[in-house]
Number of protein chains: 2
Amino acid sequence: MKFELTKDFIGELNKRIENKDQKSIITMITDCHPADIAEILDELEFENTCFLFELLEDNIAADVLVELEDDLREELLKIHSPKEIAEEFVDNMDSDDAADIISELPENKKQEVLSHLEDQDLASDIVDLLNYDEDTAGGLMAKELIKVNSNWSVMRCVKEMRRQAEDVELVYTIYVVDDNNILLGTLSLKRLLLTDSKSIISNIMKEDIIKVSATMNQEEVANTMNKYDLIVLPVVNDLNHLIGRITADDVMDIMKEEAEKDYQMASGISEDVESSDTVWEITRARLPWLLIGMIGGLFGAKVIGIFDIEKNYQMAFFIPLIAAMGGNVGVQSAAIVVQSLAGGTYTLGNISQRLIKELGVALVNGIICSSIILLAAYLLGYSLLLSITVSIALLSVIIFAALFGTFIPLTLDKYKIDPALATGPFITTINDVLGLFIYFLIGQLILSI
Amino acid sequence: MKFELTKDFIGELNKRIENKDQKSIITMITDCHPADIAEILDELEFENTCFLFELLEDNIAADVLVELEDDLREELLKIHSPKEIAEEFVDNMDSDDAADIISELPENKKQEVLSHLEDQDLASDIVDLLNYDEDTAGGLMAKELIKVNSNWSVMRCVKEMRRQAEDVELVYTIYVVDDNNILLGTLSLKRLLLTDSKSIISNIMKEDIIKVSATMNQEEVANTMNKYDLIVLPVVNDLNHLIGRITADDVMDIMKEEAEKDYQMASGISEDVESSDTVWEITRARLPWLLIGMIGGLFGAKVIGIFDIEKNYQMAFFIPLIAAMGGNVGVQSAAIVVQSLAGGTYTLGNISQRLIKELGVALVNGIICSSIILLAAYLLGYSLLLSITVSIALLSVIIFAALFGTFIPLTLDKYKIDPALATGPFITTINDVLGLFIYFLIGQLILSI
């Protein structure tokens, strides 16, 4: 039912490619979806990838190209001339995919590809789409859609739809516009089926539809589609002219991207990496955060060095506990803020309200944790004064880390910096160092080190 | 264009509700989408929420109910009789939403609601849907769909669609089945429009369609829909009978849920919380991880206590660095594994291959970091022996934490436990303790403490 990529499959395919046995190769992949073929190509040596790719029919190759990993697509496009790219691939694509692919090409190649397109309507749609930022509604939308005039009858509407459907692969919604292309509403297939053929569209269309502006940020587009449970969304320009539509599959990609970005930030990975990337790519994505952690560690060493730890060396025992708790609480607080901001559920909150609630949570958690540690440390045989020091320090560190973890992402967001930056190693490191400082300060007071 | 919930709006609404000014209240919310009304209700005192909810027309109230937060929906359903729930709300819902709502009711109320439904087809659809696990394709699907027989002509097809469309709110795809309800293919609106009315459906339908089994896990459903860029997906039973369809909006909810769960796990939050939850709810979600961190901290204290730190108290300076780096590396490694597993991109990898690559990354990162720390510590005035100790310990800790961070989630996944458990405080804590142990062991050898 669903294609499963196995080692045996790849082994067999490689063997047939070595033998240049074209017919038997095509038999193997003939039932595969373009997304599956893209996965297969990703697993082959580049030489074999090229051989297999050349065997594909143009319209399949176009679909496969869209589904490929960015790096591999770039490599494959490099070995094709602008004319080939235009006629074999781009001419077979929808406008949104075509624009995405062309935008990745070097500047001089872009123009050449556009000039070789046979479908001149597509060419002008692509030029139009290239004007929009990649991460806006305009950058996401496709131009292919079915639209009808509100003055038409159902009969004329069906006739026009028939003409327009030639260019549109999948029809989900019929848009209704006025003479100036201003979006007025939608017409469901249901209404079209159930209404007699002489009715006028404006009487049976649904008004009050959800639409977005072409300049809206892609994250907001995803939130809108998600909130209103839409699977296709019309895009308008500043004059409310209908200029395109976004489908849920594109928005799913965005959601996945954004979620991965946040997750990776929280885990201390700075670039989009997968386990299939090379050692060097993975190293590059991880090293920066480790360096931040190291700098924090060196500061931590300096902080401990300020105090006379030799006299009260037992304080060292609880350094890991204090540092870890500061980090953990900070990340928890930051994560809740980041998630609320991302989900757009921050409608009515403001920074001070949020800080007060976080203070409440920190007090409850802090009092529970510091009571437990007071008891546990004393029962484990550490001195009462040390136990009290650790307990008070822990309460202070939890409160401080919570406020800090809430404040930083909210502040970053206010200045339009991605608040997810504040999660992960960044906030852990800062809270580590500050936690140690608080701990030794309290130790100095109680244990007079 | 998009409704924005403001404090002023809520203030004004509260005032009108106090005055029981029904007409002016309705004016305020008349243009709001049910999802917006749900957001508004969430911001009001419960008494006002009830008042406003009772003013809604039945079909709007049904849509609003579906969009509400779980807790509030439960409260509102409690104050309605089974008969009211059936006739006012459930009768106005699609089968998937209706089944979700009824599944949340207490057992005795379920039966009563079902018996009061006017639409008996809906009742039997709901009973059917209640048989599937909530987190499977069957639990996600709706029964409402348009299907035609492969033997019909286009003309008969349109006639039948007209009849079926009465029950289906939105039509995205027309499914083609044989006489035994076995799914054969789909018919695009495009084909229907472009083909003459005497053609037989089996000649114009699209075969080779992607479908899923009713027992497929929801995460896999989301991956399938995402991979093949689908916005609607048919569901079949073991006999390949067409039994329902899943739309992209439901899958977007799943994707959001899964991403939030992973993100919260990585951040040390154990339940689904939002910044709008109460202090106690947020505390409860965060405390368990803090307790794990504390237990780790106590173990850390014991580990340091084993060694004679009094003689070499300077080793304490680098405890935070060693602990932090072990934690950071472990989380990074685990995150890459968790993400690959979630995205289903682990097709060809196996545990030993993955560990070898991770070893490579750890070696590169470890050698860079330990070289820097050797130089930095020595230049900052720490003794050469201490600097060497820290440097060697850091390299060992990075390698160890990386392997551990990779191994644990892969092992959890093998035993069908959510690998995301391995990220966040859990792995940080274990790596903290083990890192300290390695550090002091090396210290004992080099500094002979």
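Trainee: Which helices do the buried residues of H8(B) pack against?

Mentor: In this predicted model, the buried residues of H8(B) pack against four elements of chain B: helix H5 (58–67), helix H9 (107–116), helix H10 (120–129) and helix H11 (137–140).

Trainee: And why is H8(B) said to be largely enclosed?

Mentor: Start from the general picture: an α-helix has 3.6 residues a turn, so residues three or four places apart point the same way. Now the case here. Helix H8 of chain B runs over residues 95–103, and 8 of its 9 residues are buried, so the rest of the structure largely encloses it. The buried ones are Ser95(B), Asp96(B), Asp97(B), Ala98(B), Ala99(B), Asp100(B), Ile101(B) and Ile102(B).

Trainee: Let's talk cores. Which residues have the most contacts inside the largest nonpolar core?

Mentor: In soluble globular proteins, nonpolar side chains tend to be buried together. Here the largest nonpolar core counts 279 residues, and Ile322(A), Ile398(A), Ile322(B) and Ile398(B) have the most contacts inside it. Take Ile322(B): leaving out residues up to four places away in sequence, it touches Ala393(B), Leu394(B), Val397(B), Gly435(B), Leu436(B) and Tyr439(B).

Trainee: How do I read the sheet with S4, S5 and S6 of chain B?

Mentor: Strands of a sheet pair through backbone hydrogen bonds, either parallel or antiparallel. This one is an open sheet of 3 strands in the order S4-S5-S6 (chain B), with mixed pairing. Strand S4 (212–213) and strand S6 (242–247) of chain B are the edges, each pairing on one side only. S4(B) and strand S5 (residues 232–236) of chain B run parallel over 2 bridges, and Val212(B) sits opposite Val235(B) in S5(B).

Trainee: On to the two chains. What turn lays chain A on chain B?

Mentor: A turn of 180° with a shift of 0.0 Å along the axis does it, at an RMSD of 0.1 Å. The two copies are therefore related as by a two-fold rotation axis.

Trainee: How many residues does each chain bring to the contact?

Mentor: The size of an interface is often given as the accessible area lost when the parts come together. What we have here is a residue count: 109 from chain A and 108 from chain B. On the side of chain A that touches chain B, helix H17 (residues 279–306) of chain A gives the most, with 16 residues. That side divides into 60 nonpolar, 29 polar and 20 charged residues. Also, 99% of the interface residues of chain A are interface residues in chain B too, so the copies meet through the same surface.

Trainee: Last one: what domains does chain A have?

Mentor: The assignment gives domain 1 (7–136), domain 2 (146–254) and domain 3 (279–447). Taken over C-alpha atoms, the centres of domain 1 and domain 3 of chain A are 49 Å apart.

How values were computed:
Residues numbered from 1 in each chain as written. Chains lettered and ligands numbered in written order. Predicted model: local features only at pLDDT ≥ 70, side-chain atom pairs only at ≥ 80, totals over all residues. Least-squares fit on C-alpha atoms with pLDDT ≥ 70 in both. Contact = placed C-beta atoms within 7 Å. Nonpolar A, V, L, I, M, F, W, Y, C, P; charged D, E, K, R; others polar. Domains from an automatic or database assignment. Core = buried A, V, L, I, M, F, W, Y, C linked by C-beta atoms within 7 Å. Buried ≥ 20, exposed ≤ 12 C-beta atoms within 10 Å, placed from the backbone. Pairing = 2+ DSSP bridges.
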